[in-house]
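Colleague: I'm still learning to read models like this one, and I'd love a close look at a single spot. Could you start there and then walk me outward to the rest?

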Amino acid sequence: MRRKNLVVTVFLLPAMALIIIFKIYPIFLGVYESFFTYSFVGKNTVFAGIQNYITVFTDSTVLNSIKVTLIFNVIVNPVQIFLSFGLALLLMVKLRGRKFFRTIHMIPVAVSFTIACTLWGVLLSPEQGLMNSLLNVIGIPNQSFLNDKDQALAWVIVLSSWKGLGYWALFFITGLEEVPQQLYEAASLDGANYWKSLRWITLPQMKRTFKFVIISDTISNFILFVPAYVLTGGGPNGATDFLMYRIYRTAYQYSDMNLASAMIVVLLIMLGIIIGAEAFLLRDKE
Amino acid sequence: MERKKVTGKRAISKLVLYALHIILIIVVFLPLIFAFTSSFRPLEDLYRYVSPLTWKTFIPIKVTLDAYVSIFAEGYGTALLNSLFIAGVTVALGILLNGMAGYVFAKYNFRGKNILFFLVLLSYMVPFELLSVNLYDLIIKLDWVDTYKALIIPCIGNGMIIFLFRQYYLSFPDYLLEAARIDGMGHFAIFFRIVLPNSKAISISAGLVLFVNQWESFLWPVLVTRSKELYTVQLALSNFSTQYTKNWDQIFAGSIIAFLLPVAIIMPLQRFFAAGLTSSGIKE
């Protein structure tokens, strides 16, 4: 019995200590710090009540980055889900060379966001990038892409979708492979075509996978940081000033850890509400 | 007659499917192929042939390794070694420590188990990026800024990996453990001699996920590193694009290396990688 307790302690302690110190403690530290502010008069930190939260909801820069993050998510999540599910369906079709196509689409999964951004930065170079050359071929004049405040967010959506395509398709493929084959066989005996089977068998069977991918995709797009850091600096004119990037700048460049903490708490709550709504809409109805 | 129609229809739909495949592959791979071929050409050629669009845009006429030589001269090699070292240590310790925790959560009952497991899930659900700003505060207090410790230690304990191991060990046959116990094996011997050797697939999956997490990590190294000697691959890469916006050949060469290295590791083990990513979340 004592030996058992020893085992539990020894096996659990290292990982749990690491998680509590480096993952759990910072969460609570963030909530705590969001209620304080640095006083330049007394050169110390003083209790500030909800002052930081008021700033979050009144400061026009912060409000803009909340808006940018929400608009980005409303567009990029459905686009990514739709495209990657489409790719997964395509890769499930029994076709000569299917294995080859699957392997090929695994390769870009190893592209990191930093690589995606640096590469697309060059492709979208306003003066003489590859994208402009391609557009010229179909008669469209040179564009300034990321330097254009009306286009920048759209191009971040394009490059994020490009980056996420294979990754999210991976989850859909795993889900599709677990749909029992007999269901399709029975449906085709009943005369259902591909689209009917997709609607009445695949989609209902894939509900859990969709739930997982939609929620994970929402999380990763809500905390998107790299494109703003590497490509746009949040510009032009705040068009790509994602909330996570604003948090980073508030904490790091303006050294206002307290306001940054309040922004993190707000982001976390927003994320919680949205994920909760997604989980509710995709709940198992028994 | 009827039969011919059906096969004709099938041939057309096959054609459409192949066309779709080819379009998709072009869209997905065009940036990568352009980067690959461009990384081997002299910078002047790169600019000269990018527009207007011809075959010369993609096929180098003169081949050179200048870009690769120059990025290594500017410390890209150090960044590669740093990333490999950081990822390697994280993988080794991450598999062992999270694996042990996952095993205990699956096979033992003890007081406080539910609370501890709730903490594991909480750490899994709050994205690392979101807590990293306040974690950075802690790193400053520990005086770990600009050290390997800061880049490695906070990333070892991982709720997702504990969860992954726990799921696996829940279905680990009890009779194997029981048999070992009857043979007089202690708890520790059972774990290290029976359980761990039978956890190869799950360990590879977990290791790949940990490796890719560390390899692609960006915000955290941005926060805790100062000196160039500690730059990771992604940091060094982003530096090419902000510092020398015009040196496209360096950006391409750096991207290709930062991309191909994990490809070389993941591709032979792709089955495990996919399993590691997908089995953690969907099942529950």
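Why does D146(B) count as partly exposed?

Modeller: Happy to, and please keep in mind that this is a predicted model. D146(B) has 15 C-beta neighbours inside 10 Å. A residue is called buried at 20 or more such neighbours and exposed at 12 or fewer, so a value in between is called partly exposed. That is why D146(B), with its 15, counts as partly exposed.

Now let's see where this residue sits. D146(B) belongs to the loop that links α6 (128-141) to α7 (148-152) in chain B. Its backbone deserves a glance too: phi of D146(B) is near 65 degrees, a positive value in a residue other than glycine. Most residues other than glycine have a negative phi.

Chain A offers a residue to set beside it. Phi of F145(A) is near 45 degrees, again a positive value in a residue that is not glycine. F145(A) is found in the loop between α6 (130-137) and α7 of chain A. Its surroundings put it in another class: F145(A) is buried, because 22 other C-beta atoms lie within 10 Å.

From that loop you can walk straight into helix α7 of chain A, which covers residues 152-177. This helix has 26 residues and reaches 38 Å from its first C-alpha to its last, close to the 38 Å expected at 1.5 Å a residue. Along the way α7(A) bends by about 45 degrees at L165(A). The helix is mostly covered, with 19 of its 26 residues buried.

Another helix to look at is α13 of chain A, residues 257-281. Its 25 residues reach 36 Å end to end, counted between the first and last C-alpha, close to the 36 Å expected. The buried residues of α13(A) include M257(A), N258(A), L259(A), A260(A), L268(A) and L271(A).

For one more close-up, try S197(A), which lies in helix α9 (residues 194-205) of chain A. S197(A) has 18 C-beta neighbours inside 10 Å, so this residue counts as partly exposed. Leaving aside residues up to four places away in sequence, S197(A) touches Y184(A), A187(A), A192(A) and T202(A). S197(A) and L183(A) are 14 residues apart in sequence, and their C-alpha atoms are 8.8 Å apart in space.

Now zoom out to whole chains. Chain A has 13 helices and two strands, while chain B has 15 helices and zero strands. In chain A, 42% of the 286 residues count as buried; in chain B, 40% of the 284 residues do. The C-alpha atoms of chain A fill a box of roughly 80 × 75 × 35 Å along the principal axes, and the trace of chain B spans about 75 × 75 × 35 Å. The radius of gyration of chain A is 24 Å, whereas a compact globule of 286 residues would be near 19 Å. For chain B the radius of gyration is 25 Å, against near 19 Å for a compact globule of 284 residues. Contacts that join distant parts of the sequence matter for this picture as well. Among contacts in chain B with a separation of 6 or more, 76% involve residues 24 or more positions apart; the corresponding share in chain A is 66%.

Back in the chain where we began, chain B is divided into domain 1 (2-68) and domain 2 (73-279). The C-alpha centres of these two domains of chain B lie 35 Å apart. Nine residues of domain 1 and eight residues of domain 2 take part in their contact. On the domain 1 side, α1, α2 (43-50) and α3 (66-73) of chain B each give two or more residues. That side divides into six nonpolar residues, two polar and one charged.

Finally, look at how the chains meet. Here 70 residues of chain B are in contact with 74 residues of chain A. Helix α1 (residues 2-38) of chain B supplies the largest share of the chain B side, 10 residues. The chain B side is made up of 51 nonpolar, 16 polar and three charged residues.

How values were computed
Residues are numbered from 1 along each chain as its sequence is written. Chains are lettered from A and ligands numbered from 1 in the order in which they are written. This is a predicted model: local features need pLDDT of at least 70, side-chain atom pairs count only at pLDDT 80 or more; totals for chains, interfaces and linings use all residues. Helices (H or I, at least four residues) and strands (E, at least two) are DSSP runs, numbered from the N terminus. The expected span of a helix is 1.5 Å times one less than its number of residues. The bend at a residue is the angle between axes fitted to the seven residues ending there and the seven starting there. Two residues are in contact if their C-beta atoms, placed from the backbone, lie within 7 Å. Ala, Val, Leu, Ile, Met, Phe, Trp, Tyr, Cys and Pro count as nonpolar, Asp, Glu, Lys and Arg as charged, and the others, Gly among them, as polar. Domain bounds come from an automatic or database domain assignment. The radius of gyration is taken over C-alpha atoms; the globule rule is 2.2 Å times the number of residues to the power 0.38.
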